[in-house]
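Work through the exercises below with the coordinates open. Each one gives a task and then a solution in steps.

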Amino acid sequence: MTATVLTGVSRGLGRALFDELYGRGDRLFAIGRGFTAEQRAADPARVRLCEADLSRPDVELPELSGFLTAGPADEPVVLIHNAGSVEPIGAIGTLDPARTAASVHVNLLAPMLLTGAVLAAAGDRPTTVLFVSSGAARRVIDGWATYCATKAGGEMFFAALAQQYADDDRVRVASVSPGVMDTEMQALIRADDDAWFPDRAHYRGLAERGELPSPAGVARRIVADHLS
């Protein structure tokens, strides 16, 4: 069995990853602002639902350490940073400060702090850390300045972590760019006509042509490529 910590579980890729990992038998510490009926009905012996808003800098997860230490001493640990926010969308100089700060907290600060907490609690157990990134980390997308910057910052943080453990195979680190898929985030991107986003027509076209893969298929690929 594996002890897995997963953020952003109630929608999109996070929900699909929850289903995939629960189906293979993992113990799950699921972090989200809300949960589906199916998640609430999951076996409480294997699932700990932790309601938390990662956009808040003072978020605390008091049950995390106990969850990780409840299993066998050699139980592998997995941490998946899936929670993310593409908002605020718009031109620099028009972005709402509070929404910008919340995005930095969700996309960058929370993964940094949560990684430290998990590594401390995991001790000497084999640990895998996955950061769900984006192509926006490596190329500018007009209107997504905050998202691009925070994902790029996350990739650098986890590259630093990987280098720290380069000679220690106990900890594996990867940044995963799953590509566009049919999620609520994509629906938000397509729908907001008020914000400055020159590429909106491109994303609408992907949806209209049925070219967005399902989160379930992407989740299966991530698990097969990085967690098998």
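The exercises treat salt bridges, one arginine, two glycines and the empty space of a predicted model.

**Exercise 1. A salt bridge between two helices**

Task: Find the partner of arginine 15 in a salt bridge, and state which elements the pair ties together.

Solution.
Step 1. The cut-off for a salt bridge is a side-chain nitrogen of Lys or Arg within 4 Å of a carboxyl oxygen of Asp or Glu.
Step 2. For arginine 15 the partner is glutamate 38, with the closest N and O atoms 3.7 Å apart.
Step 3. Arginine 15 belongs to helix 1 (residues 12–24) and glutamate 38 to helix 2 (residues 37–40), so the salt bridge ties together parts that are 23 residues apart in sequence.
Step 4. Arginine 15 has 36% relative accessibility and counts as partly exposed. Glutamate 38, at 53%, is exposed.
Step 5. The structure holds 8 salt bridges, and the pair of arginine 15 and glutamate 38 is one of them.

**Exercise 2. The surroundings of arginine 27**

Task: Determine whether arginine 27 is buried or exposed, and list what its side chain reaches.

Solution.
Step 1. Arginine 27 lies in strand 2. Its relative accessible area is 10%. The limit for buried is under 20%, so arginine 27 is buried.
Step 2. A salt bridge joins arginine 27 to glutamate 75, with 2.9 Å between the closest N and O atoms.
Step 3. Strand 2 covers residues 27–32, while glutamate 75 sits in the loop between helix 3 (64–69) and strand 4 (77–81); the pair therefore ties together parts that are 48 residues apart in sequence.
Step 4. Glutamate 75 is buried, as is arginine 27.
Step 5. The arginine 27 side chain also reaches the backbone oxygen of phenylalanine 67, at 2.9 Å.
Step 6. Leaving out residues up to four places away in sequence, the residues that arginine 27 touches include Met1, Thr2, Arg46, Phe67, Leu68 and Glu75.

**Exercise 3. A salt bridge from a loop to a helix**

Task: Locate arginine 138 and glutamate 155, and assign each to a class of accessibility.

Solution.
Step 1. A salt bridge joins the side chains of arginine 138 and glutamate 155, at 2.5 Å from N to O.
Step 2. Arginine 138 is in the loop between strand 5 (127–132) and helix 5 (145–164), and glutamate 155 is in helix 5, so parts that are 17 residues apart in sequence are tied together.
Step 3. The relative accessible area of arginine 138 is 53%, which makes this residue exposed. Glutamate 155, at 18% relative accessibility, is buried.

**Exercise 4. Two glycines in helices**

Task: For glycine 66 and glycine 154, give the helix, the accessibility and one C-alpha separation.

Solution.
Step 1. Glycine 66 is part of helix 3, and its 39% relative accessibility counts as partly exposed.
Step 2. Between the C-alpha atoms of glycine 66 and alanine 121 there are 8.5 Å, and the two residues are 55 residues apart along the chain.
Step 3. Glycine 154 is part of helix 5. With 2% relative accessibility, glycine 154 counts as buried.
Step 4. The C-alpha atoms of glycine 154 and valine 132 are 9.2 Å from each other, for residues that are 22 residues apart along the chain.
Step 5. Apart from neighbours within four places in sequence, glycine 154 is in contact with Leu108 and Phe131.

**Exercise 5. A cavity and a pocket**

Task: State which helix gives the largest share of the lining of the largest cavity, and which gives the most to the second largest pocket.

Solution.
Step 1. The structure holds 1 cavity of 30 Å³ or more. The largest cavity encloses about 40 Å³.
Step 2. Its lining includes Thr7, Leu54, His81, Val106, Ala110 and Leu114. By class, this lining has 6 nonpolar, 3 polar and no charged residues.
Step 3. Helix 4 supplies the largest share of the cavity lining, 4 residues.
Step 4. The second largest pocket has a volume of about 190 Å³. Of its 13 lining residues, Val59, Leu61, Ala110, Leu113 and Leu114 are the closest to the centre.
Step 5. The pocket lining divides into 10 nonpolar, 1 polar and 2 charged residues.
Step 6. Helix 4 (residues 97–122) gives the most to the lining of this pocket, with 6 residues.
Step 7. Ala110 and Leu114 appear in both linings.

Note on methods:
Residues numbered from 1 in each chain as written. Predicted model: local features only at pLDDT ≥ 70, side-chain atom pairs only at ≥ 80, totals over all residues. Heavy atoms only, no water. Buried < 20%, exposed > 50% of the residue type's maximum accessible area, 1.4 Å probe, protein only. 1 Å grid on protein atoms, 1.4 Å probe; cavity = no way out; pocket = protein on both sides within 12 Å on 5 of 7 lines; lining within 4 Å. Points joined across faces, edges and corners; volume = space filled by probe spheres on them. Nonpolar A, V, L, I, M, F, W, Y, C, P; charged D, E, K, R; others polar. Polar contact = N/O pair within 3.5 Å; in protein donor to acceptor, adjacent residues only side chain to side chain. Contact = heavy atoms within 4.5 Å.
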